[in-house]
Amino acid sequence: MVILHTWLTERFGLRVPVVGAPMAGVGAGRLAAAVSEAGALGMIGVPAAATGEWIAGEAAVAGGGPYGIGLMAWALPGNPAQLDAVLAARPPLVSVSFGAYEPFVGELRRAGITVVTQAGTTDEARAAEQAGVDAVVARGAEAGGHGRDEVATLPLLQSVLDAVRIPVLAAGGIATARGLAAVLAAGAEGAWVGTAFMGCVETALSETAASRVLAAEETGTAYGRVFDVAQRLAWPPEFGGRALRNAFFDRWKGREDELAADDSARAELDAARRAGDFDTAYIYAGEAVGMVRERRTAADVVAGFAAAGRLLSRFAAPGS
């Protein structure tokens, strides 16, 4: 195996320059631990309503090796116990994104934590560098979950690499060694990968949800605010979400103002989430979902990414 050395691998002692993206409701301590044990860096995705006790418990599960925790900036003012719990756990990496993350950067860094944020435009990446983060994630529109839907991964990555001097990770649509090799060749220090891990046995997904992921086609996702509006979540409106398309989304797309006042639709979505009815309930996933075809372990997925070194070595000069 060709060993890839980047800022990411050197900073955290990794064998593979991949971060398992923080996916709330999908990736908790068990998945983070499995990704890290395999040689990449696993992360815990913190739901907006999670308690400090929940974070402490999942951090204890994940904390045998390098790992990270992902926070939603917009949720922290109303739930300060989350930041307190993260500071107490002191994971090597924290991502704080989506909203006014700037007030939290200094405190996290003073605790000895590497801080990153996700940027969906080049201007956001420049602002992140000015805010003092250690690295920035160039998150393209192909990515699953929440973020901007304005620029695709490859053009965004190229622009961000030219615009900032801090390390850059690439996110959105990276699901195999080919994708990792592509972003490394462009100059990224590693890949920020979510959807590729959604078929893993270590996720928090139910079997029903996992089956939906494995059956989804590459054209089977949709982007919008329908699920957030229905739940009355305070996500900043510029950050919609990419999820598997379903009947509930199609019914309400373009009618978000009406949906915001429809209590019966909110109750319908809540009931579907409890029942595991994914014709109505949501599963956030990116455009790479069409490449997730079987249940695998996180170790298998990370091992697949490690082949990026062999792909890149094709272009090395003989004897170099």
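This passage describes helix packing, salt bridges and selected residue environments in a predicted model.

Because the model is predicted, local features were accepted only at pLDDT of at least 70 and side-chain atom pairs only at pLDDT 80 or more, whereas totals for chains, interfaces and linings use all residues. Residues are numbered from 1 along each chain as its sequence is written, and side-chain values rest on heavy atoms, with hydrogens and water left out.

Helices and strands are DSSP runs numbered from the N terminus (helices: H or I, at least four residues; strands: E, at least two). Two packed helices are described by the angle between their axes and the distance between the axes. Helix α6 (residues 122-131) and helix α7 (residues 153-163) form one such pair: their axes come within 9 Å and cross at roughly 35°. Here the axes are lines fitted to C-alpha atoms, for helices over the stretch in contact, and angles run from 0 to 180 degrees between N-to-C directions. The crossing of α6 and α7 is right-handed; in this convention, the near helix is turned clockwise from the far one by less than a right angle, while an anticlockwise turn would be left-handed. On the α6 side the contact (heavy atoms within 4.5 Å) is made by Thr122, Ala125, Arg126 and Glu129, and on the α7 side by Leu156, Ser159, Val160 and Ala163. Sorted by class, these comprise four nonpolar, two polar and two charged residues. In this scheme Ala, Val, Leu, Ile, Met, Phe, Trp, Tyr, Cys and Pro count as nonpolar, Asp, Glu, Lys and Arg as charged, and the others, Gly among them, as polar.

Side chains of opposite charge can pair when their charged atoms come close. A search of the whole structure found 14 salt bridges, a salt bridge being a side-chain nitrogen of Lys or Arg within 4 Å of a carboxyl oxygen of Asp or Glu. In one of them, the side chains of Asp134 and Arg109 meet at 3.0 Å, N to O. Asp134 lies in the loop between α6 and β6 (135-139) and Arg109 in helix α5 (residues 102-110), so this pair ties together parts that are 25 residues apart in sequence. Accessibility is given in three classes: buried (under 20% relative accessible area), exposed (over 50%) and partly exposed (in between), with a 1.4 Å probe and protein chains only. Asp134 is buried at 13%, whereas Arg109 is partly exposed at 41%. Arg11 joins Arg109 and Asp134 in a network of salt bridges.

A further salt bridge, between Asp123 and Arg126, has an N to O distance of 2.7 Å. Both residues belong to helix α6 and are three residues apart, about one turn of the helix. Asp123 is exposed, at 55% relative accessibility, and Arg126 is partly exposed, at 39%. The side chains of Arg295 and Glu207 also meet in a salt bridge, at 2.9 Å, N to O. This pair links distant parts of the chain, 88 residues apart: Arg295 is in the loop between α13 (263-275) and α14 (298-306), and Glu207 is in helix α9 (residues 207-215). Arg295 is partly exposed at 28%, while Glu207 is exposed at 54%.

Several individual residues were also examined. Gln82, in helix α4 (residues 81-89), is buried, with a relative accessible area of 1%. The side chain of Gln82 reaches the backbone oxygen of Ala50 at 3.1 Å. Not counting residues up to four places away in sequence, Gln82 touches Val46, Pro47, Ala48, Ala49, Ala50, Ile55, Leu71 and Leu76. Pro47 also appears among the contacts of Gly25, which, with the same exclusion of residues up to four places away, touches Gly45, Pro47 and Ala204. Gly25 lies in the loop between β1 (18-20) and α2 (29-37) and is partly exposed at 49%. In sequence Gly25 and Pro47 are 22 residues apart, and in space 6.7 Å, C-alpha to C-alpha.

With regard to backbone geometry, most residues other than glycine have a negative phi. Arg90, in the loop between α4 and β4 (93-97), has a positive phi near 50°. Phe98 likewise has a positive phi, of about 70°, although it is not a glycine. Phe98 is found in the loop between β4 and α5 and is buried, at 10% relative accessible area.

Terms used
A polar contact is a pair of N or O atoms within 3.5 Å; within protein, one must be able to donate a hydrogen and the other to accept it, and residues adjacent in sequence count only if both atoms are side-chain atoms.
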